[in-house]
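Subject: Structure for your files

Hello,

Here is the structure I said I would pass on. My notes on it follow below.

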Amino acid sequence: MADALLDEAARLIKADHALQAYALLSEQARDEAGRPAFDLLLGIAALDGGRPTQAVFALGRVLAVQPDNVRARTELARAYFDMGENEASKEEFSRIDREAMPAAPVW
């Protein structure tokens, strides 16, 4: 079920239905939070759905176990920017090795 859930959430995000993806993932957060693939999608859905604070928490969990996850760090920087936390955003962007940026979204 977990893989089907992530596939559906990724499909919704790609179709610009981030709030639907966020709602779908939020229902499973109690059981799935802490799993980097789940938290990454939850963070992206939250951010794209206008919930940057929730995105920060989810993306922070990803980076706690995968500190080199460029996608999570990029999304975290974007979340801070959306919250008006410009210094925190700048700090996260400065940690990103620009050469390591993925060419396409990583789900």
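A residue is called exposed here when its relative accessible area is over 50%, and buried when that area is under 20%. Aspartate 16 has a relative accessible area of 69%, so it is exposed. This residue sits in the loop that links α1 (2–14) to α2 (18–26). Its phi is near 60°, which is a positive value in a residue other than glycine.

Please keep in mind that this is a predicted model. The mean pLDDT of the protein chain is 91, with 88% of residues at 70 or more. Among the elements, α4 has the highest mean pLDDT, 98, and helix α7 (residues 86–95) the lowest, 91.

Overall fold

The protein chain has seven helices and zero strands, so its pattern along the sequence reads α-α-α-α-α-α-α. Of its 107 residues, 40% are buried. Among contacts with a separation of 6 or more, 48% join residues 24 or more positions apart. The chain exposes about 6200 Å², and 50% of that area is supplied by carbon and sulfur atoms.

Core

Nonpolar side chains tend to be buried together in soluble globular proteins. In this model the largest nonpolar core holds 26 residues, and Leu25 and Leu41 touch the most other members. At least two residues of this core come from each of α1, α2, α4 (36–48), α5 (52–65) and α6 (70–82). The largest share is that of α4, with eight residues.

Helix α2

Which residues of α2 are buried? They are Ala18, Ala21, Tyr22 and Leu25. These residues lie on the same side of α2, because they cover an arc of only 100° around the axis. Leu25 is also one of the two residues that touch the most other members of the largest nonpolar core.

Alanine 18, in helix α2, has a relative accessibility of 7% and therefore counts as buried. Leaving aside neighbours within four places in sequence, alanine 18 is in contact with Leu12, Ala45, Asp48 and Gly49. Glycine 49 is 31 residues away from alanine 18 along the chain, yet their C-alpha atoms are separated by 5.0 Å.

Helix α6

Two residues of this helix are worth listing. Alanine 79 is found in helix α6 and has a relative accessible area of 0%, so it is buried. Not counting residues up to four places away in sequence, alanine 79 touches Leu47, Pro52, Ala55 and Val56. From C-alpha to C-alpha, alanine 79 and valine 56 are 6.4 Å apart, with their positions 23 residues apart in sequence counted as separation.

Threonine 74 also lies in helix α6. Is threonine 74 buried or exposed? Its relative accessible area is 16%, so threonine 74 is buried. A polar atom of the threonine 74 side chain lies 2.8 Å from the backbone oxygen of valine 70.

Regards

Definitions and conventions
Residues are numbered from 1 along each chain as its sequence is written. This is a predicted model: local features need pLDDT of at least 70, side-chain atom pairs count only at pLDDT 80 or more; totals for chains, interfaces and linings use all residues. Side-chain values use heavy atoms; hydrogens and water are left out. Helices (H or I, at least four residues) and strands (E, at least two) are DSSP runs, numbered from the N terminus. Buried means under 20% relative accessible area, exposed over 50%, partly exposed in between (1.4 Å probe, protein chains only). Contact means heavy atoms within 4.5 Å. Accessible areas come from the Shrake-Rupley method with a 1.4 Å probe; for residues, only the protein chains shown count as cover. A nonpolar core is a set of buried Ala, Val, Leu, Ile, Met, Phe, Trp, Tyr and Cys residues joined through side-chain atoms within 4.5 Å. pLDDT is the predictor's confidence in each residue, from 0 to 100. The arc is that of the directions from the helix axis to the C-beta atoms. A polar contact is a pair of N or O atoms within 3.5 Å; within protein, one must be able to donate a hydrogen and the other to accept it, and residues adjacent in sequence count only if both atoms are side-chain atoms.
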